[in-house]
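Work through the exercises below with the model open beside you. Try each task before reading its solution.

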Amino acid sequence: MNMIVCVKQVPDPEAPPASFKIDPATNKVVPPPGVPPVISPFDEQAVEAALRIKDAKGGKISILSLGIGLLRDVVKKPLSMGADELILLEDPAFIEGDSWSTAYALAMAIKKIGQFDIIFCGRQASDTDAGQVGSAIAEILGIPQVTVARKVEVLDGKARVEKVTADGYEVVEVNLPALITVSNELGEPRYATIKGIMSAKRKEPIVWKPADIGVEPGKIGATGRRSKMLKLFQPVREGKVEIITGENEEDAAANLARKLVEVKLL
Amino acid sequence: MADNKGIMIIAEALNSSLASISKELLGAARKLAADLGDEVSALVIGSGIAGVAAEAITFGADKVFIVDDPLLKDYRTDAWVATAEKVAKQVNPRIILAGQTTIGRDLASRLAFRLNTAVTMDCIDLTVDATSKQLMLTKPVYGGNARAIFTSDLYPQMATVRAKAMSPIAPDSARKGEVVTVAAGLDAAAIRTNVLQKVIAEVEGIKLEDASVVVSGGRGIGGPEGFKQLEELAKILKGAMGASRPPCDSGWVPETIQVGLTGKIVSPDVYIAVAISGSSQHIAGCGGSKNIIAINRDPEANIFKEARFGVVGDWKKIVPAFTAKVKELLGR
């Protein structure tokens, strides 16, 4: 199995909400000081999905990431978990895109990689929360997609995917090659092993520029955008909580019950 | 683009009736139609779903396009996208709206790229710009920490809409509308996925999305045992139990009761958040509740910023005392 996993470096979504700031002049997030970026959590689960298939069937996993200022310690994490190679689309021309122009660059890089049976993406990036890049890559490459997977296996040359639904899941069989997006229901990604970390240290990422993957310059990054972001802002919270107290916790609890009945909420 | 006319919603049928998200989309579409002087159509895709047409008209559709074909029985990306593409090219709408649902998020993203346009996903507000007449689409980003407003110059203008962000219109059985049947004309060989099995997680009692009272627990509950107490409280309040993501990821409760950005979106009258810190991604799922009641030992927890009433302390002491008092006061 030849697998490609697309991963994105994002501001750490686990950083405390109070540290989240936007610069209104640039419509951009101000990274909280001292909190390093991470790989978007669903993308890490996508790496885990690929590793489980590699464990069962063998194969090669290529990690593909687009951005600038990609911290090597961050983007090398999938290598330390067991992926085989890391390809970076690292150039200012690639960034500030929307789902479409980003997916176009990734799809062109995937074409250059050539051999693949499954492309994995996270179900959505934890910054844009759009969940479109996977579908766009599949559309550009003309391959089938299954989104929001909780389990992926390969059987008889097809992938068998458990797709999360509102009231459970469905088992979907898909012809290969295919694109699959992965959700948190897949389970925790594995930890890096010492051996993995040592081997990742020695591996240098392959860096591709726009000319390396034959993209049309007008279709990537900011110039290739189909949608424009007019404004990025933080919703205003009113914060008018009434704290119910009492002699002790049990008493406060009883007072809460009385209050909720009194105001007819219960 | 002058040729694009009308607002089309992609409707979903659930057990042969119109899904609530589709009623909400029709409500949103009627508002946009009033601003644009346009008509509203609904596209219904599936097998044995023709009965949904009348309901769609009742809830605001002027026209319903029905594509009813055995090959469309299960949601399969290739079949549904090809069908929606065919109808969209025939109708040439100005706007296409879908729900941010299992079907909508898969279908709308791929359909947008097929139609050479753009889509904004998971919108909570849709307005029409007075000058350009383009959609201004507001969606939560950064796990709910921020919101962004998007537009596009491309047509059809597309968005998926979050559950419960929009209100349906009052159903009117006297409304008149036209029903148009469109042949799917699908090639079975071009459908590259197959649904082998559907697994429905059994949930006792009231459905989480429909409950007027929700009792939810977070990481602080510490294990599956604690959720039994929350379940009992939910039962007494004739409500449903939910959870934030950590208890689901830890396997303490089924994944299907996760409330949050990637789980269920609920908007009950009363949402009791027990030992939930209130991460943005959780608030994304419960922020629409009319009243949030927070029980948390950390007075600085973010959930108190969202709550109307709160108690600071250990849930292990508070929940049993609260449950006992509620039983007494309500005589249950």
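The exercises below concern a predicted model, and each is followed by a worked solution.

**Exercise 1. Overall layout of chain A**

Task: State how many helices and strands there are in chain A, and how chain A is divided into domains.

Solution.
- Start with the secondary structure. Chain A has seven helices and 15 strands.
- Next, take the extent. The C-alpha trace of chain A spans about 70 × 50 × 40 Å along its principal axes.
- Then check burial. Chain A has 266 residues, and 52% of them count as buried.
- Look at contact range. Among contacts in chain A with a separation of 6 or more, 74% link residues 24 or more positions apart.
- Finish with the domains. Domain 1 of chain A covers 2–224, and domain 2 covers 236–266. Their C-alpha centres are 45 Å apart.

**Exercise 2. Strand β8 of chain A**

Task: Decide whether β8(A) is enclosed or open, and identify the strands joined to it.

Solution.
- Count the buried residues. In β8(A), residues 118–122, five of the five are buried, so the strand is largely enclosed by the rest of the structure.
- Split the strand by face. In a regular strand, side chains alternate between the two faces of the sheet. On one side of β8(A) sit I118(A), F120(A) and G122(A); on the other sit I119(A) and C121(A). Both faces are covered.
- Find one partner. Strand β1 of chain A, residues 2–7, runs parallel to β8(A) and is joined to it by three bridges. Here V5(A) stands opposite F120(A).
- Find another. Strand β12 of chain A, residues 178–182, also runs parallel to β8(A), with five bridges. T181(A) in β12(A) is the bridge partner of C121(A).

**Exercise 3. Cysteines**

Task: Determine how many disulfides there are over all chains, then examine C121(A) and C286(B).

Solution.
- Apply the cut-off. Two cysteine sulfur atoms must lie within 2.5 Å to count as a disulfide. The count over all chains is zero.
- Test C121(A). Its nearest cysteine sulfur belongs to C6(A), 4.1 Å away, and C121(A) is in no disulfide. C121(A) is buried, because its relative accessible area of 5% is under 20%.
- Test C286(B). The closest cysteine sulfur is in C248(B), at 13 Å, which is too far for a bond. C286(B) is buried too, with a relative accessible area of 0%.

**Exercise 4. The interface between chains A and B**

Task: Give the area that chain A and chain B bury between them, and name the three residues of chain A that supply the most.

Solution.
- Count residues in contact. Chain A contributes 78 and chain B 79.
- Read the area. The two chains bury about 6,900 Å² between them, with 58% of it on carbon and sulfur atoms.
- Name the top three. R226(A), R237(A) and E249(A) supply 10% of the area that chain A buries against chain B, more than any other three residues.
- Look for a sheet with strands from both chains. An open sheet of six strands has the order β15(A)-β18(B)-β17(B)-β16(B)-β14(B)-β15(B), with parallel pairing. Its edge strands are β15 of chain A (242–243) and β15 of chain B (240–243).
- Zoom in on the pairing between chains. Two bridges join β15(A) to β18 of chain B, residues 309–312. E242(A) has F309(B) as its bridge partner.

**Exercise 5. Nonpolar cores**

Task: Give the number of residues in the largest nonpolar core and the helix that gives the most to it.

Solution.
- Size the core. It has 52 residues. Those with the most contacts inside it include L256(A), Y271(B), I303(B) and F322(B).
- Find the main helix. Helix α9 of chain B, residues 315–330, gives the most, with six residues.
- Inspect one member. Beyond its neighbours within four places in sequence, I303(B) is in contact with several residues, among them A273(B), I276(B), I283(B) and I292(B).
- Check for another core. A second, separate one has 36 residues, including L51(A), V74(A), V146(A) and V195(B).

**Exercise 6. Domains of chain B**

Task: Describe the contact between domain 1 and domain 2 of chain B.

Solution.
- Set the bounds. Domain 1 of chain B is 7–190, and domain 2 is 208–330. Their C-alpha centres lie 32 Å apart.
- Count the contacts. Seven residues of domain 1 meet eight of domain 2.
- Read the area. The two domains bury about 660 Å² between them, 48% of it on carbon and sulfur atoms.
- Assign it. G143(B), R162(B) and K164(B) supply 69% of the area that domain 1 buries against domain 2.

How values were computed. Residues are numbered from 1 along each chain as its sequence is written. Chains are lettered from A and ligands numbered from 1 in the order in which they are written. This is a predicted model: local features need pLDDT of at least 70, side-chain atom pairs count only at pLDDT 80 or more; totals for chains, interfaces and linings use all residues. Side-chain values use heavy atoms; hydrogens and water are left out. A nonpolar core is a set of buried Ala, Val, Leu, Ile, Met, Phe, Trp, Tyr and Cys residues joined through side-chain atoms within 4.5 Å. Buried means under 20% relative accessible area, exposed over 50%, partly exposed in between (1.4 Å probe, protein chains only). Helices (H or I, at least four residues) and strands (E, at least two) are DSSP runs, numbered from the N terminus. Contact means heavy atoms within 4.5 Å. Two strands pair if DSSP finds at least two bridges between them. Domain bounds come from an automatic or database domain assignment. Buried area is the accessible area (1.4 Å probe) that two parts lose on being put together, summed over both.
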